[in-house]
Amino acid sequence: MHIGLVGLGKMGGPMRTRMRNAGLTVVGYSRTPEDSDAESLEALVEALPAPKVVWVMVPAGDPTRSTIARLKELLSEGDLVVDGGNSKYTDDAINAASLAERGIGFVDCGVSGGVWGLQNGYALMYGGSAEDAAKVMPAFEALKPADTTDGLVHCGTTPGAGHFAKMVHNGIEYAMMQAFAEGWELLEKVDIVDNVPEIFASWRTGTVVRSWLLDLFVDQLRADEHLDALKGYADDSGEGRWTVEAAIENAVPMPAIAASLFARFVSRQDDDVAMKAIAAMRNGFGGHAVTKKG
């Protein structure tokens, strides 16, 4: 399979490598010339055989919308655009309808795996028609975790189904991190226990809270036991907000996820102790920036 990949950052660059390792021919384009295989978006499209498949992996919002609008002018009937970024699911119907005016297909794909995806594979949640998905299936198979039937799911034929599933995943992630962070703050606070990093490490085997997120948090605590180097500030990517908005629109109670989102807002007003743990975990799985003390 030949595929174009627009955006070669923390996620896109390793995805290009993983697809190439699986034998796919990937033409990458980035605004950073030294990372690019093509000097322009036009050159990327020209380098692909028909039907052309272009995967967009750029920041959500205007960067994604403008890239898809440009691809609409460059691609032809029967070609396909995949939006693999963290776009809001409501954008997908608009993009799909716009591309359909020229007979270009559209698949939205929520991608989870962070900076560890190259090594471990990516969880892929996609939406769109089965016909369109078939055109990009070799890339899906290359990117998903090996030796498992999990990690790749068709969430629905309606444009936005994949990004909606990824949005809910990220909302759950917010609440999980908040729970670990609050537990860590309490263990740090009391005098009755010692060796907090190893308490968390002990939970990695045989307990119901064992998880990859817990593994990453233990790594962070072993590197900086009290997280002294970090400020208690954590950003939000937007997907937690969208999850809470969707909950309100559908009258679904989400007290845990909503509270975890509001806790991040508090961290922007005060140096919140628990939020140091959130910042550490976000850095561990996604390479998200942290605010250092001093």
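This is a short tour of selected side-chain contacts, stop by stop.

Before you start, note that this is a predicted model, in which local features need pLDDT of at least 70 and side-chain atom pairs count only at pLDDT 80 or more, while totals for chains, interfaces and linings use all residues. Residues are numbered from 1 along each chain as its sequence is written, and side-chain values use heavy atoms, with hydrogens and water left out.

**Salt bridges**

Select Glu42 and Arg70 to begin. These two form a salt bridge (a side-chain nitrogen of Lys or Arg within 4 Å of a carboxyl oxygen of Asp or Glu), and their closest N and O atoms are 2.4 Å apart. Glu42 lies in helix H2 (residues 41-46) and Arg70 in helix H3 (residues 62-74), so the pair ties together parts that are 28 residues apart in sequence. Helices (H or I, at least four residues) and strands (E, at least two) are DSSP runs, numbered from the N terminus. Glu42 is partly exposed at 29% relative accessibility, and Arg70 is partly exposed at 35%. As for these words, buried means under 20% relative accessible area, exposed means over 50%, and partly exposed is in between (1.4 Å probe, protein chains only).

Stay with helix H3 and pick Lys72. Its side chain meets that of Glu101 in a salt bridge, 2.6 Å from N to O. Glu101 sits in the loop between helix H4 (89-100) and strand S5 (105-112), so this pair with Lys72 of helix H3 ties together parts that are 29 residues apart in sequence. Are the two partners buried or exposed? Lys72 counts as buried at 14% relative accessibility, whereas Glu101 counts as exposed at 61%.

Now jump to Arg222 and Glu198, another salt bridge, with the closest N and O atoms 2.8 Å apart. Arg222 belongs to helix H9 (residues 212-223) and Glu198 to helix H8 (residues 196-202), so parts that are 24 residues apart in sequence are tied together.

For the last charged stop, show Arg16, Arg20 and Asp37, which are linked in a network of salt bridges. In total, the structure holds 10 salt bridges.

**Aromatic rings**

Next, look at rings. Rings of Phe, Tyr and Trp (its six-membered ring) pair if their centres lie within 6.5 Å; planes under 30 degrees apart count as stacked, over 60 as edge-to-face and the rest as tilted. By this rule the structure has seven aromatic pairs. One of them is Trp55 with Phe140, edge-to-face at 5.8 Å centre to centre, with 85° between the planes. Trp55 is in strand S3 (residues 53-56) and Phe140 in helix H6 (residues 130-143), so far along the chain that 85 residues separate them. Both Trp55 and Phe140 are buried.

Then select Tyr89 and Phe164, an edge-to-face pair with centres 4.8 Å apart and 85° between the planes. This pair links helix H4, home of Tyr89, with helix H7 (residues 161-189), home of Phe164, across 75 residues.

Add Phe180, Phe200, Trp203 and Phe217 to see one aromatic cluster.

**Cysteines**

Finish with Cys109 and Cys155. How many disulfides does the structure hold? The count is zero, a disulfide being a pair of cysteine sulfur atoms within 2.5 Å. The nearest cysteine sulfur to that of Cys109 belongs to Cys155, 8.3 Å away, which is too far for a bond. Cys109 is buried at 0% relative accessible area, while Cys155 is partly exposed at 32%.
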